[in-house]
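Trainee: Hey, I've got a new structure to look at. Could you walk me through a bit of it?
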Amino acid sequence: MVNQTMLYFVLMVLQLFSFLLIATSYTNKIPDGLTLKMIHRDSLNSPIYLVNLTDKERMENYIKMSKTRVKSLLGPQLPRNNKSLEFLNRNNVIIRPTLSTQSLLYLIQVGIGTFDDESPSSRTYYLGFDTTSDLIWTQCEGCGNNCFPQVDPLFPATRSSTYSQFRQPYCPQSSKWRNNRCELKMRYTDGATVLAIAAKEVFTFASEGGRSHGIRLIFGCGFNMQNFPQGNNPDNKISGMMGMGNGFYSFMIQTRTIFNGKFSYCIQPMFGGRRDSPMYIRFGNDVLPQQIAGMQTTPIYRDRRRLSYYLNLQGISVDTKRLDIPSNFLEINRDGSAGCVIDSGSAISTIANRAFTVFRSAVRDFIKKNNKNVRKMKKPEMGYHLCFERYRNPLTLNLPKITFHFEDNADFVIDINESFYIGVTRSRKGMVCMQFLNNTSNYGGLTVLGVHQQVNKRIIYDLSNNLLHFASTDCSQGN
């Protein structure tokens with residue numbers, strides 16, 4: 001009789017080989033690089049742009065979103081027993097952030113499927129872009145009342161000539177064979193669930209310069225979507241997610257033989273610029289050269305139990321003074337509930353609770369010492385944790401630069417415009433607020449490097465070598 005363990009091993013090897021072939025089966029049609037538009041939710045090109053909001057109202061939304069986000073990145077604490085963790089991972093109980101069209105910061109537009117009698121031959125959809133999610137999925141035709149509302153027609157999978165479901169022996173990781181198909185179930189920390197058919201399909205990407213490239217990917221064809229926060233919003237234009245995180249199904253894992261695990265972006269300021277200026281995410285050979293002046297490098301840490309990309313934050317400076325923050329306030333925990341995550345879905349950076357207390361005191365003392373025209377507000381506005389009211393002239397302010405010190409002497413210097421919000425109080429007086437939030441969740445050890453603090457930085461993820469490269473640059477030109 002064939003040894004059961006050996007049979008299981010052989011099947012796993014075959015599945016892995018089959019999986020690697022899926023994304024590469026169309027590589028003869030695409031180069032080793034790809035450049036896509038990354039659409040900010042508040043750009044004029046966004047399908048969810050709200051024209052009537054003021055910049056102050058947008059910032060208040062970002063603060064609320066960021067506070068919710070840090071809690072959802074943690075989710076329920078997982079047990080420490082290794083065998084339990086392995087079991088949980090196989091059953092897909094891993095940490096996925098809150099999922100809502102109201103909380104997405106960036107979107108991409110993709111073509112899905114092949115319809116030979118149509119022009120263009122693929123159907124176009126907007127998907128949320130997220131570096132802490134894994135599965136690529138969209139809602140599919142036939143889900144009836146079990147789908148959340150969307151403006152675009154549901155994806156007609158069975159009519160696409162390139163759509164194919166997995167056969168039973170080849171059900172991918174975490175799926176189950178039920179109802180004569182491989183079914184995937186994803187659970188997010190806000191209670192939203194995605195029940196989808198594990199399938200393969202060609203995704204068409206319109207790259208810079210008018211090029212279109214098709215890549216065959218594993219995705220979830222959603223047929224039962226529950227507890228989604230968008231509720232009954234009939235104007236919703238987002239049909240699913242493009243997961244970019246550290247997970248079996250993510251776009252980066254599936255295309256690693258094409259793009260060698262590389263992608264990059266350059267975040268433009270959220271305010272003060274043109275809302276229609278282009279922003280791009282680049283893959284593989286389209287990633288701009290790393291020989292930018294001042295380019296620095298730090299390791300990326302990954303864990304199967306979490307989908308996020310962790311960085312080893314070793315200290316924080318206010319102006320030129322490195323703060324006396326004990327290393328255990330910032331270091332990565334074995335269960336992933338502490339450390340520093342770089343995130344595309346958090347607008348504002350959040351600092352671990354104990355470290356934040358030291359940080360806030362240092363910023364407060366610097367501003368009080370170097371400005372005689374402001375006084376600390378007893379009740380900070382907009383959801384911030386530290387604000388000063390400007391009560392007399394001069395109008396100028398002396399504010400400190402903030403630096404995050406990462407492993408390998410990689411200093412991430414955050415400009416003043418991204419460290420502080422300058423506006424007016426409800427009583428129309430001048431106001432300056434520290435633009436970092438306190439992680440006051442039950443698991444308050446997580447620090448999140450958010451999008452607003454990544455502004456005007458070329459960020460390069462090299463997942464093949466587990467490295468993050470970054471350098472200050474002007475992102476306003478659509479770099």
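Mentor: Sure, we'll go through one sheet and then a single serine; keep in mind that this is a predicted model.

Trainee: Okay, in what order do the 4 strands of the open sheet come?
Mentor: The order is E17-E16-E22-E23, with antiparallel pairing.

Trainee: And which strands stand at the edges?
Mentor: Strand E17 (321-322) and strand E23 (410-414) do. Each has a single partner strand, so one side of each is left without a neighbour in the sheet.

Trainee: Does anything pack on that sheet, and if so, what?
Mentor: Helix H6, residues 353-370, packs there and touches strands E16 (313-318) and E22. The helix direction makes about 15° with that of E16.

Trainee: Back to E22, then. How many bridges join E22 to E23?
Mentor: There are 5 bridges, and the two strands run antiparallel. Ile 402 stands opposite Ile 414, and Phe 404 has Phe 412 as its bridge partner.

Trainee: What sits between E22 and E23?
Mentor: The two form a hairpin with 3 residues between them. Asp 408 is in the turn, with a positive phi of about 70°.

Trainee: Which residues of E23 are on the covered face?
Mentor: Ala 410, Phe 412 and Ile 414 are, while Asp 411 and Val 413 make up the uncovered face. In a regular strand, side chains alternate between the two faces of the sheet.

Trainee: New topic: where is Ser 308?
Mentor: Ser 308 is in the loop between strand E14 (296-301) and strand E15 (309-311).

Trainee: Buried or exposed?
Mentor: Ser 308 is buried, because its relative accessible area is 5%, under the 20% cut-off. Leaving aside neighbours within four places in sequence, its contacts include Leu 73, Asn 246 and Tyr 301.

Methods: Residues are numbered from 1 along each chain as its sequence is written. This is a predicted model: local features need pLDDT of at least 70, side-chain atom pairs count only at pLDDT 80 or more; totals for chains, interfaces and linings use all residues. Side-chain values use heavy atoms; hydrogens and water are left out. Two strands pair if DSSP finds at least two bridges between them. Contact means heavy atoms within 4.5 Å. Axes are lines fitted to C-alpha atoms, for helices over the stretch in contact, and angles run from 0 to 180 degrees between N-to-C directions. Buried means under 20% relative accessible area, exposed over 50%, partly exposed in between (1.4 Å probe, protein chains only).
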